[in-house]
Every structure is written in C-alpha cells, then in structure tokens.
Amino acid sequence: LLGGCTTVLRKKFSATNFWKDCIKYKCTGFSYVGELCRFLLAQPLSDNDRKHSIRFCAGNGLRQNIWTPFVERFNISQIYEFYAATESNAYFFNLDSHPGACGFY
C-alpha cells in the first residue's frame, strides 16, 4: 500500500467469484488466511482457474496437502507463507515456496 499498489476489497468473500474478480481487476497477487485456498480448490473446475494474472499469494495456514494441488490447478508461481502470526513476537517465513516448510527467522 505504501508503495502505491492498488488494493481490491470485497465486502464478503466469494469462492465462486474470486477468480472472476482477479481477472476483472487484473490482480497479480492476493493474501489468504487459513482455509481460503481449500475453499477455492473445492469449487468446480473453470476456465477462470488459469485465465487470471496472479503470480503470487501470501498468507498463513496453507496445509501441505493443499499446497501442491493449489499451485498446479491455479498456476500460482510463488506462495509466501508466514508462521507464528498469533504470537506476534517473532515470525517465520517460507520464502522458497516449499510446501510444508516451517520457514526461516
């Protein structure tokens, strides 16, 4: 935000419209929490699954068994996962996009 990027906010999350919104607003990245990626994977296959311009996503709570299918289905090249967000005293980051890695301090 400080660097001048555009942010798209929706009043209520919609797994049905998520990729449509990403395409409409030409998004290149998104942030997720917990099960959002699982909700997207649970949607029926669609042409929009790969029509978007998303290159990366960042968040926490992406389970290892969801990571690989998510990357393969939606063609997301980078996932940046962070850990220990609830403690807020130290963070661990998985900047290598390695499924299930605990990250680095």
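Lys26 sits in the loop that links α1 to β1, and in this predicted model the residue has a positive phi of about 55° although it is not a glycine. The side of the chain on which one finds Lys26 is open to solvent in the sense used here, since with a relative accessible area of 67% Lys26 counts as exposed. A comparable backbone feature occurs further along the chain at Asn75, a residue other than glycine whose phi is likewise positive, near 55°. Asn75 belongs to the loop between α3 and β3, the latter spanning residues 78–83, and with a relative accessible area of 47% Asn75 is partly exposed.

These two loops can be placed within the overall order of elements. The protein has 3 helices and 4 strands, and read from the N terminus on they follow the pattern α-β-α-β-α-β-β. Of the 105 residues in the protein, 30% are buried. Among contacts with a separation of 6 or more, 50% are between residues that lie 24 or more positions apart.

Beside Lys26 in the sequence is Cys27, which at 16% relative accessibility counts as buried. How many disulfides does the model contain? The count comes to 0 disulfides, and Cys27 in particular is in none, with the nearest cysteine sulfur, that of Cys22, lying 4.7 Å away; a disulfide would require the two sulfur atoms to be within 2.5 Å, so this pair does not qualify.

The chain then enters strand β1, residues 29–33, where Phe30 and Tyr32 form a covered face while Gly29, Ser31 and Val33 form an uncovered one. This division follows a general pattern, because in a regular strand the side chains alternate between the two faces of the sheet. Strand β1 runs parallel to strand β2, residues 56–60, and 5 bridges join the two. Within that pairing, Ser31 has Ala58 as its bridge partner in β2, and the connection from β1 to β2 passes through helix α2, residues 36–41, in a β-α-β crossover that is right-handed.

Val33, which lies in strand β1, stands opposite Asn60 in β2. The C-alpha atom of Val33 is also separated by 8.7 Å from that of Ala58, a residue 25 positions apart from Val33 along the chain. Is Val33 buried or exposed? At 62% relative accessibility, Val33 counts as exposed, and its place is on the uncovered face of β1.

The covered face of β1 leads to the interior, for Phe30 and Tyr32 are both among the residues with the most contacts inside the largest nonpolar core, a group that also includes Trp19, Leu40, Phe70, Ile76 and Ile79. That core has 20 residues, and the elements that give two or more residues to it are α1 (18–24), β1, α2 and α3 (64–74). For Leu40, when residues up to four places away in sequence are not counted, the residues touched are Phe13, Ala15, Phe18, Trp19, Phe70, Arg73 and Phe74.

Ile76 is another of the core residues with the most contacts, although its position is in the loop between α3 and β3. With a relative accessible area of 1%, Ile76 is buried, whereas Asn75, in the loop between α3 and β3 as well, is partly exposed at 47%. Leaving aside neighbours within four places in sequence, Ile76 is in contact with Trp19, His52, Ile54, Arg55, Phe56, Cys57, Phe70 and Val71. One of these, Arg55, is 21 residues apart from Ile76 along the chain, yet the C-alpha atoms of the two are separated by 5.4 Å.

A charged residue completes this picture of the interior: Asp49, located in the loop between α2 and β2, is buried, with a relative accessible area of 6%. What does the side chain of Asp49 make a polar contact with? The partner is the side chain of Arg73, at 2.8 Å. Apart from neighbours within four places in sequence, Asp49 is in contact with Trp19, Arg73 and Phe74, and Trp19, Arg73 and Phe74 are also found among the residues that Leu40 touches.

Note on methods: Residues numbered from 1 in each chain as written. Predicted model: local features only at pLDDT ≥ 70, side-chain atom pairs only at ≥ 80, totals over all residues. Heavy atoms only, no water. Buried < 20%, exposed > 50% of the residue type's maximum accessible area, 1.4 Å probe, protein only. Pairing = 2+ DSSP bridges. Right-handed = clockwise from strand over helix to strand, strands pointing away. Core = buried A, V, L, I, M, F, W, Y, C linked by side-chain atoms within 4.5 Å. Contact = heavy atoms within 4.5 Å. Polar contact = N/O pair within 3.5 Å; in protein donor to acceptor, adjacent residues only side chain to side chain.
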